[in-house]
Amino acid sequence: MLRTYKFRLYPKPEQQERIDFTLERCRLLYNRLLAERIHTYRTKAKTLSYYEQKKTLLARKKAIPALKEVHSQVLQNVVERLDKAYQAFYRRVQNGGKTGFPRFKGESRYRSFTDPQSGFSVEGKYLKLSKIGELRIRLHRQIAGTIKTCSIVKKNGRYYACLAVEQALNPLPKTGKEVGVDLGIKHLAVTSDEQFFASPHHLRRSERRLKQLQRLVSKRKKGSHRRKKAIRLLARMHEKIANQRKDYTHQISHQLVKRFDLIA
């Protein structure tokens, strides 16, 4: 199976500039490829395929020298990302759901790039990225398996590495027990053997601080650096609450999975 490990990165200022530069080049390429697909469909009533756009990368590098400073596999993944967005759009149309046509990416809407093959390696306390260099990485847990892809994510001014690892399945020992779980309002969950899990109150405990940060954002002038800083502080607070909630639910689900063979 594939399992993703997420680690915090601590790049130097010049490395941050290289990551931001790569993100911007990928964003502009994504928007250009999307514009070409839309134009081709409107003028020729056909859609460009993944392979047709992938073949143009070499010519684009000659026309735009800045693309040569981005690893080739990363650029190919941008084409693949757009193609997946189109495939998901077609699938939603066929199923009669909300269509959601692929949209152009603004500066705040393109926050990651992926190297799917060979442009990265983990060496001790460092993650080596092609065209970027060696970044300090905090490996808070051991990686078990073969690393297949590496995604660099920028979120709220922080940088993370998401490593997709292929590893063998290790089934847990059988317990011979079964349980039913009901999600509630007063309690987060109640099991059929009368075990109650309390609802998390991380948001309630942080509401006062959230109100202060929201007021701070509303007082700042739109487009100013102070407003951007206030927005980043508010986003980090929301991220902290989300991480607390996620950690709590993972603890509960881990308990249930270890104790029972069947969960209904």
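This passage describes selected helices, a small sheet and an annotated N-terminal segment in a predicted model.

The N-terminal segment carries a record-based annotation. UniProt, in an unreviewed entry, assigns residues 1–44 the feature "domain: Transposase putative helix-turn-helix". In the model, this stretch is 73% helix and 20% strand. Its end C-alpha atoms lie 42 Å apart. Helix α1, residues 13–44, returns below as one of the elements that cover α4.

Helix α4 spans residues 72–94 and contains 23 residues. From first to last C-alpha it reaches 34 Å. That is close to the 33 Å expected at 1.5 Å a residue. Its buried residues begin with Q73, V74 and L75. They continue with N77, V78, V79, L82 and D83. Y86, A88 and F89 complete the set. The cover over these buried positions includes three helices, namely α1 (13–44), α2 (50–54) and α3 (57–63). Strand β2 (112–115) also contributes to that cover. Just after α4, the backbone at G96 adopts a positive phi of about 75 degrees.

Farther along the chain, three strands build an open sheet. Their order is β9-β10-β11, and the pairing is antiparallel. The edges are formed by β9 (181–183) and β11 (196–198), each of which pairs on one side only. Neighbouring strands of the sheet are turned by 15 degrees against each other on average, direction ignored. Strand β10 covers residues 187–191. Three bridges join β10 to β11 in the antiparallel sense. Within this pairing, H187 stands opposite A198 in β11.

A helix accompanies the sheet. Helix α6 lies across β9, β10 and β11. Relative to β11, α6 runs at about 165 degrees.

The same helix α6 (225–259) also serves α5, whose buried residues pack against it. Helix α5 comprises 18 residues, 202–219. The distance from its first C-alpha to its last is 26 Å, close to the 26 Å expected at 1.5 Å a residue. The helix nevertheless contains a kink of about 45 degrees, centred on R208. The buried residues of α5 are H202, S206, L210, L213 and V217. Helix α6 thus links two parts of this description: it lies across the three strands β9, β10 and β11, and it packs with the buried residues of α5.

Key
Residues are numbered from 1 along each chain as its sequence is written. This is a predicted model: local features need pLDDT of at least 70, side-chain atom pairs count only at pLDDT 80 or more; totals for chains, interfaces and linings use all residues. Side-chain values use heavy atoms; hydrogens and water are left out. Helices (H or I, at least four residues) and strands (E, at least two) are DSSP runs, numbered from the N terminus. The expected span of a helix is 1.5 Å times one less than its number of residues. The bend at a residue is the angle between axes fitted to the seven residues ending there and the seven starting there. Buried means under 20% relative accessible area, exposed over 50%, partly exposed in between (1.4 Å probe, protein chains only). Contact means heavy atoms within 4.5 Å. Two strands pair if DSSP finds at least two bridges between them. Axes are lines fitted to C-alpha atoms, for helices over the stretch in contact, and angles run from 0 to 180 degrees between N-to-C directions. UniProt positions are given in the numbering used here, feature names are shortened, and annotations may be inferred rather than shown by experiment.
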